[in-house]
Amino acid sequence: MPLRKFLIMLLGLGGESESMKMKTGKLFYNISERTVQVESYDLSKDYYTFIKEAQEKNCRQVIITSDIMIQLAEFLLTEGNSTITSISFFVEDADLQDEIDQIVSCLSNNPAYWGVLKTRLDFLRKFDSIDIKEICFRGKGNLSYLASILVNGVFSVSESAYCILSTKLAKFVEGCLQ
C-alpha cells in the first residue's frame with residue numbers, strides 16, 4: 001500500500017465533513033536554527049519527496065519517542081484542555097491494547113485516570129523506545145478539535161485548530177529535545 005494511502009487510512013482522513021476538516025503537518029528539526037518547525041503536508045503529494053525537500057532546507061525528521069509521547073499527552077491533558085481518545089502501539093498485544101483502551105475510556109469521564117494510564121505506560125519510557133505508534137486527542141471547551149500524532153512526527157489536526165496546536169506541538173517537542 002502506498003504511504004499516502006496508508007497515512008490517509010491511519011489518520012482517518014478520507015471522508016471528513018466540512019465542519020471537521022483535517023490538516024496534516026510534520027515536525028522537523030532545523031539544524032542551523034536548532035528549532036523544531038512545522039511543515040504542512042499535503043497528503044496528495046509524495047511523502048518521500050516531501051522529506052527530501054525538507055532535508056535540502058537543512059532539516060531532519062523528528063522522531064517522537066514513547067517518552068516524548070507520554071510527556072506530550074500529559075501536556076495536552078493538563079494545559080491543552082484535551083482528552084485522549086486512543087493510543088496505538090507498534091507491536092500488537094491484545095491484552096495491553098484492551099487494558100489501555102479501558103483506561104482511556106475511563107479517562108474521558110475522569111481526568112484522574114491519567115495517573116493510572118501514565119503508570120501503565122511507564123515501562124515504555126526507557127531507552128528512547130518508539131513503541132507508541134500514535135496518540136489521538138479531542139479538544140474540549142472553546143477550542144474543539146481532533147488530533148492525531150504519529151511517532152514519525154506526522155500529525156493531523158482539525159483545520160480550525162491547526163495553527164494553534166501545531167505551534168504548541170513544535171514548541172513542546174523542541175523543549176523535550178533540548
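Hi everyone. Two rings of Phe, Tyr or Trp count as an aromatic pair if their centres lie within 6.5 Å. With that in mind, a search of this whole structure, which is a predicted model, finds 6 aromatic pairs.

Let me show you two of them. Tyr 47 and Tyr 48 form an edge-to-face pair, with 5.3 Å from centre to centre and 80° between the planes. These two sit one after the other in the numbering, so are they buried or exposed? Tyr 47 is buried, because its relative accessible area is 6% and the limit for buried is under 20%. Tyr 48, on the other hand, counts as exposed at 56% relative accessibility. Both tyrosines also belong to one aromatic cluster, together with Phe 28, Tyr 41 and Phe 50.

The other pair I'd like you to look at is Phe 75 with Phe 172. Their ring centres are 4.7 Å apart and their planes meet at 25°, so this pair is stacked. It links distant parts of the chain: Phe 75 is in helix α3 and Phe 172 is in helix α6, which covers residues 162–177, and the two are 97 residues apart. Phe 172 counts as buried, with 18% relative accessibility.

Now for the charges. How many salt bridges does a search of the whole structure find? The number is 5, and I'll walk you through some of them.

Start with Asp 67 and Arg 125, whose closest N and O atoms are 2.7 Å apart. Asp 67 lies in helix α3, residues 66–78, while Arg 125 is in the loop between α5 (113–121) and β5 (132–139), so this salt bridge ties together parts that are 58 residues apart in sequence. Asp 67 is partly exposed, at 23% relative accessibility. There is a network here too: Asp 67, Asp 122 and Arg 125 are linked by salt bridges.

Helix α3 comes up again with Glu 74, whose side chain meets that of Lys 118 in a salt bridge at 3.1 Å, N to O. Here the partner is in helix α5, and the two residues are 44 apart along the chain. Both ends count as partly exposed, Glu 74 at 27% and Lys 118 at 25% relative accessibility.

From helix α5 we can step across to α4. Arg 120 and Glu 99 form a salt bridge of 2.9 Å, N to O. Arg 120 belongs to helix α5 and Glu 99 to helix α4, with their positions 21 residues apart in the chain. Arg 120 is partly exposed at 28%, and Glu 99 is partly exposed at 31%.

Last stop, the surface. Which residues form the negative patch? They are Asp 93, Asp 95, Asp 98 and Asp 101. Asp 93 is found in the loop between β4 (82–89) and α4 (94–109), and it is partly exposed, with a relative accessible area of 38%.

That loop between β4 and α4 also holds Val 91, which takes part in a patch of another kind. Val 91 joins Ile 63, Phe 90 and Ile 130 in a nonpolar surface patch of about 370 Å². Why does Val 91 count as exposed? Its relative accessible area is 58%, and exposed means over 50%.

So if you open the model later, have a look at the loop with Asp 93 and Val 91. Thanks for listening!

Note on methods. Residues numbered from 1 in each chain as written. Predicted model: local features only at pLDDT ≥ 70, side-chain atom pairs only at ≥ 80, totals over all residues. Heavy atoms only, no water. Patch = residues over 30% accessible without salt bridge, like charges linked within 9 Å, V, L, I, M, F, W, Y side chains within 5 Å. Areas by Shrake-Rupley, 256 points an atom, 1.4 Å probe, with all protein chains shown as cover. Salt bridge = Lys/Arg side-chain N within 4 Å of Asp/Glu carboxyl O. Lys, Arg positive; Asp, Glu negative; His and termini not counted. Charge placed at Lys NZ, Arg CZ, Asp CG, Glu CD. Helix = DSSP H or I, 4+ residues; strand = E, 2+ residues; numbered from the N terminus. Buried < 20%, exposed > 50% of the residue type's maximum accessible area, 1.4 Å probe, protein only. Phe/Tyr/Trp six-rings, centres within 6.5 Å; stacked < 30°, edge-to-face > 60°.
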